[in-house]
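Me: I am new to this structure and would like a close look at a single part of it. Please choose a serviceable starting point, stay with it for a while, and then show how the surroundings are laid out.

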Amino acid sequence: KPFPGVTSPQVPTWRDRMLRLVATLAFVNCLALPAAWAATVTADGVVLISHADALAGNVTPGDTAGYPITITRSGTYRLKSNLAPTASKSGFFVQANEVTLDLNGFAMTGSATAVDGVSGAEIVAFKNLTVMNGTIRNFGQDGVLFAGPGLRVENMRVIANRRYGINELYLNASPKTGKEDGHAIIRNNVIMSNFQGITCQSGCHIEGNVISHNQASAIIISQSGATVINNTISNNGGYGVVGNYVGLGGNTIFGNGYCHTSGVMMVMGRNAIYPQTGTFCVALPGN
């Protein structure tokens with residue numbers, strides 16, 4: 001009804017008010033959304049990426065056409081097709097914190113015929129990367145190269161990369177240790193036929209992986225303090241586990257080129273190890 005003293009044409013009806021509200025919300029939403037992004041964004045904010053999107057570029061602001069796909073915004077990025085980076089190109093180059101790369105069951109396959117200086121997912125000087133649910137294979141250096149704290153790699157197949165399967169580096173000095181504590185979680189992956197399996201820093205938690213047939217060692221802890229539990233570590237060319245003050249338990253360690261471990265191990269539970277001793281080996285207590 002009209003307000004007292006006001007004629008009907010001047011009164012905003014309920015419908016008029018709703019239309020104005022919808023128009024206002026639409027305008028605000030347009031300002032909030034990354035309109036410059038070329039890739040599809042789902043209703044819950046996940047960015048979907050295909051090989052065609054990679055070639056077109058502009059997946060995030062600053063991403064040029066072709067590989068690598070440059071990620072400049074935090075968030076979740078999910079594949080909707082296999083990715084095939086061109087020769088001597090990385091798959092992803094991440095330049096943001098709190099990024100999740102969900103391969104969604106797809107594979108990212110490099111075209112390395114020699115060591116060409118590129119990795120599947122390459123992240124330097126940022127933190128809290130998650131890589132999960134797919135395959136990274138055949139890159140000239142690392143499957144996952146990460147420098148910074150908070151890496152998480154889960155449910156991946158990291159296969160036939162020419163340096164490390166997963167390579168977590170330290171970058172910044174911390175007041176406590178003089179190096180950056182990594183605090184990585186590497187869980188439920190198949191890591192095989194790379195030059196080396198896993199390298200990570202202190203605070204690393206490695207659980208439930210199959211790490212086999214890598215040319216050199218399976219696991220190297222570059223700083224003191226890590227947990228290695230319930231892994232199958234077999235038929236690698238070097239050691240099974242290298243590091244100091246590593247909590248070790250429930251692992252099957254078999255047929256590695258040198259021996260099961262090197263360094264100071266803190267045995268948390270029995271490990272199935274064969275052979276127990278060798279030229280470079282010291283038998284672990286409690287096994």
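Reply: Contact here means that heavy atoms lie within 4.5 Å. The model is a predicted one, and the part to start with is Ser-234, which belongs to strand 20, residues 232-234. Is Ser-234 buried or exposed? Ser-234 counts as buried because its relative accessibility is 13%, and buried means under 20%. When neighbours within four places in sequence are set aside, Ser-234 is in contact with Ile-211, Ser-212, His-213, Phe-254 and Asn-256.

A serine in a loop can be read in the same way. Ser-50 is found between strand 2 (47-49) and helix 2 (51-56), in the loop that joins them. Its relative accessibility is 11%, so Ser-50 counts as buried too. Without the neighbours within four places in sequence, the contacts of Ser-50 are Lys-80, Ser-81 and Leu-83.

Now the chain around these residues. The protein chain has 2 helices and 26 strands. Of its 287 residues, 44% are buried. Among contacts with a separation of 6 or more, 35% are between residues 24 or more positions apart.

Some of the strands can be followed by their pairing. Strand 10, residues 144-147, pairs with strand 12, residues 164-169, in the parallel sense over 4 bridges. One of the bridge pairs is Ala-147 with Leu-169, the latter in strand 12. Strand 12 also pairs with strand 15, residues 196-200, again in the parallel sense, over 3 bridges. Here Ile-166 has Ile-198 of strand 15 as its bridge partner. In a regular strand, side chains alternate between the two faces of the sheet.

The last residue number of strand 15 leads to the cysteines. How many disulfides does a search of the whole structure find? The search finds 1. This disulfide joins Cys-200 to Cys-204, with an S to S distance of 2.1 Å. A disulfide is a covalent bond between the sulfur atoms of two cysteines. The link of Cys-200 and Cys-204 is left-handed, with -105° about the S-S bond. Both Cys-200 and Cys-204 are buried. Cys-259 is another buried cysteine, since its relative accessible area is 5%.

Charged side chains add further links. The count of salt bridges comes to 5. One of them is formed by Arg-78 and Asp-102, whose closest N and O atoms are 3.3 Å apart. This pair links distant parts of the chain, because Arg-78 is in strand 4 (residues 75-79) and Asp-102 is in strand 6 (residues 99-102), 24 residues apart. Arg-78 counts as partly exposed because its relative accessibility is 26%, whereas Asp-102, at 7%, counts as buried.

Which residues are linked in a network of salt bridges? The network consists of Arg-152, Glu-154 and Arg-187. On one side, the side chains of Arg-152 and Glu-154 meet at 2.4 Å, N to O. On the other side, Glu-154 forms a salt bridge with Arg-187, and the closest N and O atoms are 2.6 Å apart. The pair of Glu-154 and Arg-187 links distant parts of the chain: Glu-154 is in strand 11 (residues 152-159), Arg-187 is in strand 13 (residues 185-187), and they are 33 residues apart. Glu-154 counts as buried because its relative accessibility is 11%. Arg-152 counts as partly exposed at 29%, and Arg-187 counts as partly exposed at 27%.

The surface comes last. The protein chain exposes about 13400 Å², and carbon and sulfur atoms supply 57% of that. Tyr-245, Val-264 and Met-266 make a nonpolar surface patch of about 280 Å². Met-266 is found in strand 25, residues 265-267. Its relative accessibility is 41%, so Met-266 counts as partly exposed.

To return to the starting point, Ser-234 counts as buried at 13%, and its contacts include Phe-254 and Asn-256.

Key:
Residues numbered from 1 in each chain as written. Predicted model: local features only at pLDDT ≥ 70, side-chain atom pairs only at ≥ 80, totals over all residues. Heavy atoms only, no water. Disulfide = S-S within 2.5 Å. Buried < 20%, exposed > 50% of the residue type's maximum accessible area, 1.4 Å probe, protein only. Pairing = 2+ DSSP bridges. Areas by Shrake-Rupley, 256 points an atom, 1.4 Å probe, with all protein chains shown as cover. Patch = residues over 30% accessible without salt bridge, like charges linked within 9 Å, V, L, I, M, F, W, Y side chains within 5 Å. Salt bridge = Lys/Arg side-chain N within 4 Å of Asp/Glu carboxyl O.
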